[in-house]
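Visitor: Please pick one part of this protein for a close look, and then show me how it fits into the whole.

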Amino acid sequence: MKCIVVSLTWMCFWFSYDRGSTYNVFVGKKQLIDGMDKALVGMCVNERSLVKIPPHLAYGKQGYGDIIPPDAILHFDVLLLDVWNPDDGVQINTYHTPPTCSRKVEVSDFVRYHYNGTLLDGTLFDSSHTRMRTYDTYVGIGWLIAGMDQGLLGMCIGERRIITMPPSLGYGENGDGSDIPGQASLVFDVVLLDLHNPRDGVAVTNQIVPESCVRKTEVGDFVRYHYNGSLLDGTFFDSSYSRNRTYDTYVGRGFVIAGMDEGLIGICIGERRTITIPPHLAYGEEGTGSKIPGSAVLVFDVHMIDFHNPSDNTEVTVTYKPEECDKHTKKGDFIKYHYNGTLLDGTPIDSTHSYGKTYNIVLGANQVVPGMEDGLMDMCVGEKRRLLIPPHLAYGERGVTDQVPGSAVLLFDVELFEIEDGLPEGYMFIWNDEVPPGLFAEMDKDKNGEVEPSEFTDYIMQQVNDGKGRLAPGFDPYRIIDNMFSNQDRNGDGKITEEEFKLKADEAAHDEL
């Protein structure tokens, strides 16, 4: 509470009701009758006093013209509204200090703050809260009244303070022409929400960095990350978690705001970091029109889930190799292996161990994603590998519904259990020995000069069962035989004649005998 002090010459305001305005005067400067000079000393703002002044401390035996007779005792009903001293400066009372304060307001900073503005007696003259928008301005370069320019310096984000200023640092003798009278002290209750400097760049604070980080993001990488986005005062505006899906984008290519493009460079998979972005590298003076106000500093808490580059191939790491490793997988081989599959953040996606049986495929037959085929090549039985497969060699941008997110990098731990040699490329059946002479005649059991589908199937299956020939492993044998028959049945009439029948060596265009 502000009061008039005896030893100082304070200016006070009290209300002269009949004139509809305050009476403004210096105390102790012989500008008042002696009794009023003495009565005002010690009064506080908003204090109301009934003052009785004897004649010798008022207008004495002369009185005051026709208004106050001689030897009159005067009675005043006084309400003190304002008091200040010409030597007063800005007074600051901080009533809330945030637990952390990484930076304070300096000259030339741009700030966003809320305020309530009152006169010294508590009369409200303005409030940013009623307009539901912050007051946004530069500090210390003359864009504000001098008292506010001084009062905002040194504030932290989230700090609340009372800034009291004399009229000389406010609106002076004339006031503002409407709500603020002349010679009024001003009181601003201020909370600072945001500050930055036009010279500021992106600030990165690492929260959690994985112990191992074999690679960091670079320009041109495609990343998947989660984030929480807030303003500097903690106001939440967006989160990928609320949508239950990562934010997926290229880095350094202008697909996101410039500050995020910069803040996502040099980050490891699994790393968590806080990225603070000034408005000129975010949404500028206009903001987004809804959740993000103009000139707002943005804070993103980011968790990097995975990233890759479109030029990446499958990364193969051999984790175990048996001493004897002479026979290696190749295209066309039928192999059996176990695997555990996860996303890069450890989320499991599938495992053969949960089924209790191996996964069996023919290499090179497009029975698994391309990255898995690449990773299983040139592998020996008993060998273990870790395969890192980029999405363009896995499930791409769409992923697998409820199992693999779009654009996800996959991690597989594989162990090879069995290899069965495949056939040479282009063959679905081969002879283990020399081709029997009179092959067509052998097939034509009823000797009618035509081989029916059943004759053809029985003959090929007999050769396989007798160990004289081999069908390509890993496929349905009857479908292979049907395909072989169709290739030999050149006119499509459902039977093969001797003129139609040809060996693979005679014609390289068909996967047949």
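Guide: Happy to, and one convention helps first: helices (H or I, at least four residues) and strands (E, at least two) are DSSP runs, numbered from the N terminus. The model is a predicted one, in which local features need pLDDT of at least 70 and side-chain atom pairs count only at pLDDT 80 or more, while totals for chains, interfaces and linings use all residues. Residue numbers start from 1 along each chain as its sequence is written, and side-chain values rest on heavy atoms, leaving out hydrogens and water.

Let's settle on residues 108-196. UniProt, in an unreviewed entry, gives this span the annotation "domain: PPIase FKBP-type", as it does 16-84, 220-308 and 332-420; its positions follow the numbering used here, feature names are shortened, and annotations may be inferred rather than shown by experiment. The span is 12% helix and 39% strand, and its end C-alpha atoms are 9 Å apart.

Start inside, with Arg112 and Asp194. Their side chains form a salt bridge with an N to O distance of 3.2 Å (a side-chain nitrogen of Lys or Arg within 4 Å of a carboxyl oxygen of Asp or Glu). Arg112 belongs to strand 6 (residues 110-119) and Asp194 to strand 10, so this pair ties together parts that are 82 residues apart in sequence. Arg112 and Asp194 are both buried (under 20% relative accessible area; exposed is over 50%, and partly exposed is in between, with a 1.4 Å probe and protein chains only).

Gln183 sits in the loop between strand 9 (160-165) and strand 10 (186-196). Although Gln183 is not a glycine, its phi is positive, at about 60°. Gln183 is buried too, with a relative accessible area of 17%.

Now to the surface. Val107, Ile141, Trp143 and Leu153 make a nonpolar patch of about 380 Å². Patch residues have over 30% relative accessible area and no salt bridge; nonpolar side chains (Val, Leu, Ile, Met, Phe, Trp, Tyr) are joined within 5 Å, like charges within 9 Å, and areas come from the Shrake-Rupley method with a 1.4 Å probe, where for residues only the protein chains shown count as cover. Ile141 comes from the loop between strand 8 (135-138) and helix 3 (146-152) and is partly exposed at 43% relative accessible area.

With that part in mind, look along the chain. Asp306 and Arg224 also form a salt bridge, with their closest N and O atoms 3.2 Å apart. Here strand 16 (residues 298-308) supplies Asp306 and strand 12 (residues 222-231) supplies Arg224, so parts 82 residues apart in sequence are tied together. Both Asp306 and Arg224 are buried. Asn244, in the loop between strand 13 (236-239) and strand 14 (247-250), has a positive phi near 60° without being a glycine, and Asn244 is exposed, at 69% relative accessibility.

Finally, step back. The domain assignment, which is automatic or from a database, lists domain 1 (3-84), domain 2 (91-196), domain 3 (203-308), domain 4 (315-420) and domain 5 (429-497). The centres of domain 1 and domain 3 are 64 Å apart over C-alpha atoms. Along the principal axes, the C-alpha atoms of the chain fill a box of roughly 160 × 50 × 35 Å. Its radius of gyration is 45 Å, whereas a compact globule of 513 residues would be near 24 Å (taken over C-alpha atoms; the globule rule is 2.2 Å times the number of residues to the power 0.38).
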